[in-house]
Structures are given as C-alpha cells and as structure tokens.
Amino acid sequence: MSNRLIETLAGAAVIAVAVGFAAYSYSRAGINTVEGYEIKASFNRIDGLVVGNDVRISGVTVGSVTAQELDPDTYMAVVKMSLRSDLSLPMDSSAKIASDGLLGGKFVALEPGGDIDMIQAGGEIEYTQGSVNLEDLIGQVIYSSTNSSD
C-alpha cells in the first residue's frame, strides 16, 4: 500500500512540475496579440508564417499576424495584421516575409515609405515580397555547382 502512495505522489509531482514549466514557457514566449487597427497584404507565398507571428519595423515588434487566407481569384495568400494604434504607415510602405535566421520562425517585416497619405484601418499594403523557399535555394546552389564542374 505504501508503494502505491509513493508512486502516486511522485506522479503528482511530475505533473505539477510539467504544468509549472508549461505555464512559465507560455508567459516567457511573448505570445500576445497587439491591440490596434487591422491592415492586410497579399503575398505570392507565405511558407512558415502562422497566425500569431510578429509584425516588425526595424526589428521592433509593432503588431501580429491575425489571419491568413487564400484569395480564390488571384490565388495569392492574404495576410491580415493588427498594428499598434499609435502607428501610421505611409501608403507606399512595403511588406515582406522574413526569417529569424536559418532555422528561426517567420515574421512580417514592414518597410515604411515616404508618402504623405497613410494606410487607413482595413487598408492594404500594395508592395510585397513573399517568403523565400530554402529548399529551392539549396537546390539551385547544388545544381549550379554540378553544372559549373562540367
């Protein structure tokens, strides 16, 4: 009987530690949505970008990705983003899908333009650059190196 009690207590301790670790990880992960206004942008590909990823300007997080969908007419990926309400983007701003490094996650990098007119809530960023496919790049390097040795 005492063996079962010890095993039960040990199991409860393991579960408590796991729950504590999960709560700590979630609190430190910085997963939160930015309250503000929503804009959208259309990309030819958004490989690796998921809802909740950062939207950054000059490396500073200013928003988050709130939704993504496929436009059935153009077959472009439409990404909706929420930006801080104290931030105004010029109409000629651009957006691109960037990576946090070789194995890092994706984020939307915004580059403000110089236009005097600003994108309003619900507006769209016109100039975009999609995600770069790492496998395609590696394949091109391998193919070009085998072609040059002939």
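Here a colleague quizzes a modeller about the predicted model shown above.

Colleague: What should I keep in mind about this predicted model?

Modeller: Local features need a pLDDT of at least 70 and side-chain atom pairs count only at pLDDT 80 or more, while totals for chains, interfaces and linings use all residues. Residues are numbered from 1 along each chain as its sequence is written, and side-chain values use heavy atoms, with hydrogens and water left out.

Colleague: How many helices and strands are there in the chain?

Modeller: Two helices and eight strands. Both come from DSSP runs, numbered from the N terminus: a helix is H or I over at least four residues, and a strand is E over at least two. Along the sequence they read α-β-β-β-β-β-β-β-β-α.

Colleague: In what order do the eight strands sit in the sheet?

Modeller: The order is β7-β1-β4-β3-β2-β6-β5-β8, in an open sheet with mixed pairing. Two strands pair if DSSP finds at least two bridges between them.

Colleague: What makes β7 and β8 edge strands?

Modeller: Each of them pairs on one side only.

Colleague: How do you know that β5 and β6 pair?

Modeller: Count the bridges: β5 (residues 94–99) and β6 (residues 106–111) share six, in the antiparallel sense. The cut-off is at least two bridges, so these strands pair. One of the bridges links I97 to V108. The two strands form a hairpin with six residues between them, and G101 in the turn has a positive phi of about 130°.

Colleague: And how is β5 joined to β8?

Modeller: Through three bridges, with the strands running parallel. S94 has Y127 of β8 as its bridge partner. As for β2 and β3, four bridges join them and they run antiparallel; R56 is partnered there by T61 of β3.

Colleague: Why is S93 called buried?

Modeller: Buried means under 20% relative accessible area, exposed means over 50%, and partly exposed is in between, using a 1.4 Å probe and protein chains only. S93 comes in at 1%, so it counts as buried. This serine is in the loop between β4 and β5.

Colleague: Which residues does S93 touch?

Modeller: Not counting residues up to four places away in sequence, S93 touches E111, P112, G113, I125 and Y127. Touching here is a contact, meaning heavy atoms within 4.5 Å. There's also a polar atom of the S93 side chain 2.7 Å from the backbone oxygen of P90.

Colleague: Why is S58 called exposed?

Modeller: Its relative accessibility is 75%, which is over the 50% cut-off, so S58 counts as exposed. S58 is in the loop between β2 and β3, and it has a positive phi of about 55° although it is not a glycine.

Colleague: What about Y75, buried or exposed?

Modeller: Y75 has a relative accessible area of 61%, so it is exposed. You'll find Y75 in the loop between β3 and β4, with a positive phi of about 60° although it is not a glycine.

Colleague: What makes a group of residues a nonpolar core?

Modeller: They must be buried Ala, Val, Leu, Ile, Met, Phe, Trp, Tyr or Cys residues joined through side-chain atoms within 4.5 Å. The largest such core in this model has 22 residues, and V108, L110 and I125 have the most contacts inside it. β1, β2, β3, β4, β5 and β6 each supply at least two of its residues. In soluble globular proteins, nonpolar side chains tend to be buried together.

Colleague: Why is the link between R56 and D100 called a salt bridge?

Modeller: The definition asks for a side-chain nitrogen of Lys or Arg within 4 Å of a carboxyl oxygen of Asp or Glu. R56 and D100 meet at 3.0 Å, N to O, so the pair qualifies. That pair links distant parts of the chain: R56 is in strand β2 and D100 is in the loop between β5 and β6, 44 residues apart.

Colleague: What joins D54, R56 and D100 into one network?

Modeller: Salt bridges that share partners. R56 also meets D54, at 3.3 Å from N to O. At 15% relative accessibility R56 counts as buried, whereas D54, at 24%, counts as partly exposed. D100 is partly exposed too, with a relative accessible area of 45%.

How values were computed
Polar contact = N/O pair within 3.5 Å; in protein donor to acceptor, adjacent residues only side chain to side chain.
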